[in-house]
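Visitor: Please take a close look at the ligand site, and then carry on into the helices. I would like the cut-offs stated as you go.

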Amino acid sequence: MAQAVTVNPRVLEMEYAVRGPIPQRAAEMEREGRRTIPCNIGNPQALGQRPITFYRQVLGLLEDPAGAGRGGVPAEVAETARFMLEASRTGTGAYTESAGFRFVREAVARFIDRRDGVEGGSGVPSDPDLILLTDGASGGVNYLLDALITGPDDGVLVPIPQYPLYSATIARCGGTLVPFYPDEDAGWNLRREHLVEPLEDARSRGITVKAVVAINPGNPTGAILDDESIREIIAVAREWELCIVADEVYQENTYGRPWSSFAKILGREDVPLFSLHSVSKGFYGECGHRGGYMEIRNPPAVEGTGLSLADILLKQASVNLCPNTVGQFLVYLMVSGPPAGTPSFALFETERRAVLGDLEAKADMIKGYFGQMEGLRCFGETGAMYLFPRLERLPEGTGDFEYCMALLEETGLVTVNGAGFGQAPGTHHLRIAFLPPFDLIREVMPRWVEFHNRHVG
Ligand SMILES: Cc1ncc(COP(=O)(O)O)c(C=O)c1O
């Protein structure tokens with residue numbers, strides 16, 4: 001290297017285990033000609049999941065409007081694309097409003113109202129002016145934490161284990177992550193004291209906690225919060241004047257289990273809420289398209305200005321010009337779907353059910369093999385795309401990192417060790433995304449069972 005530079009130490013400090021040493025070793029193995037199975041990341045289409053036909057047909061016409069004239073696409077596809085192009089006015093190639101296309105934000109607001117039963121007359125309607133379209137949900141998290149964290153005395157209460165976007169972004173912004181520990185043995189649900197004790201401890205150390213993160217369904221745990229846990233978080237946020245960051249990117253991945261949005265449970269309470277959703281997960285798995293939104297409720301005033309926190313987030317979005325247009329169009333499709341009663345709708349429903357049904361069946365299949373592994377236990381309902389079993393028996397002097405590395409070398413399975421997400425002291429875990437095709441699961445799981453019982457034995 002010819003020259004040396006100094007870099008922001010906070011950027012050096014950031015860690016992102018999902019793409020850390022284990023996947024790096026996997027990449028090396030691939031270069032050596034060995035096969036690996038990437039279960040380290042919730043990236044469904046990388047593991048063979050097919051895109052939803054209607055979404056891709058419409059996207060094709062948005063990029064190539066003349067395609068509709070060449071025939072071969074169902075009328076409702078052409079009609080939807082025509083509507084979207086007209087509503088956007090400028091199509092895919094121009095910058096848009098910094099908050100994103102207005103017609104998409106209006107569709108998002110209608111989706112939220114439908115989802116939360118607001119159209120029936122109860123609840124608080126969503127406001128399109130308080131919705132920001134973003135490049136994936138990650139974009140919204142970055143804006144919010146960048147704005148809220150002014151230095152090491154600003155804290156963010158984060159559930160441990162957590163998705164490392166939060167720890168990495170808090171580190172980059174120079175704030176303090178204040179951990180709280182949901183109760184693993186109680187299905188990762190939480191009680192008031194789980195939140196209040198760390199808040200009191202942080203206060204005694206001079207840290208002002210400004211926000212609490214809730215990931216529901218959870219990553220890496222896959223757990224779904226019950227309404228009581230959501231109410232506790234809202235109550236504590238009100239008492240301690242916290243903003244709630246409700247990461248709900250897995251809201252479609254609940255496999256028939258009850259799930260409530262924070263917005264619905266919040267109702268008319270005046271607590272700041274920032275809810276996130278994304279095109280990356282659900283049954284569509286369009287991670288590469290980088291679409292997402294943040295819905296804001298009760299934005300707090302910003303001290304010393306006539307502005308609200310929502311104004312500040314919009315200002316940040318303005319500096320980035322606009323979220324990518326294809327991601328915005330996909331958000332529209334995610335929240336509206338094909339017109340009911342059309343052939344595209346029938347196909348869409350078949351595809352949706354197949355993807356979600358397969359995901360649940362894969363989770364069950366993997367859990368079935370867990371039952372054959374000594375000292376491995378998995379808690380909580382199945383949600384999101386992950387299982388996060390606890391490793392209760394490991395060889396003396398080793399931890400979950402060594403376990404995952406050895407698992408990779410022996411079976412090609414790429415997982416992430418629990419330490420990459422944080423975990424209660426003294427515990428060991430790993431996270432596996434339940435995304436590989438059935439055949440691959442059937443092939444690799446017996447080898448994992450054999451490896452496990454030998455490794456811990
Ligand atoms: C809990 C959670 N939040 C946010 C994200 C980021 O998603 P996006 O692709 O929308 O930026 C992920 C991605 O895996 C996630 O698991």
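Guide: Of the 13 residues around the ligand, the nearest are Ser138, Asn219, Asp247, Tyr250 and Ser278; a residue counts as near a molecule if one of its heavy atoms lies within 4 Å of it. The model is predicted, so local features need pLDDT of at least 70 and side-chain atom pairs count only at pLDDT 80 or more, while totals for chains, interfaces and linings use all residues. Residues are numbered from 1 along each chain as its sequence is written, and side-chain values use heavy atoms, with hydrogens and water left out.

Three of the nearest residues can be described by polar contacts, meaning pairs of N or O atoms within 3.5 Å. The side chain of Ser138 places an N or O atom 2.5 Å from an oxygen atom of the ligand. For Asn219, the side-chain N or O atom is 2.6 Å from a ligand oxygen. Asp247 instead faces a nitrogen atom of the ligand, with 2.6 Å to an N or O atom of its side chain. Taken alone, the ligand exposes 390 Å², and the protein buries 95% of that; the areas are Shrake-Rupley values with a 1.4 Å probe. Helix α6 (residues 136-148) gives the largest share of the shell around the ligand, three residues; helices here are DSSP runs of H or I with at least four residues, and strands are runs of E with at least two, numbered from the N terminus.

From here to helix α4, residues 75-88. Its 14 residues reach 20 Å from first C-alpha to last, close to the 20 Å expected at 1.5 Å a residue, where the expected span is 1.5 Å times one less than the number of residues. Glu76, Val77, Thr80, Ala81, Met84 and Ser88 are buried in α4, that is, under 20% relative accessible area (exposed is over 50%, partly exposed in between; 1.4 Å probe, protein chains only). These buried residues lie on the same side of α4 because they cover an arc of only 135° around the axis, the arc being that of the directions from the helix axis to the C-beta atoms. An α-helix has 3.6 residues a turn, so residues three or four places apart point the same way. Ala75 and Glu86, on the other side of α4, are exposed. The cover over the buried residues of α4 includes α3 (53-63), α5 (102-115), α12 (325-336) and α13 (343-370), with contact meaning heavy atoms within 4.5 Å. After α4 comes Arg89, with a positive phi near 70°.

Technical notes:
A polar contact is a pair of N or O atoms within 3.5 Å; within protein, one must be able to donate a hydrogen and the other to accept it, and residues adjacent in sequence count only if both atoms are side-chain atoms.
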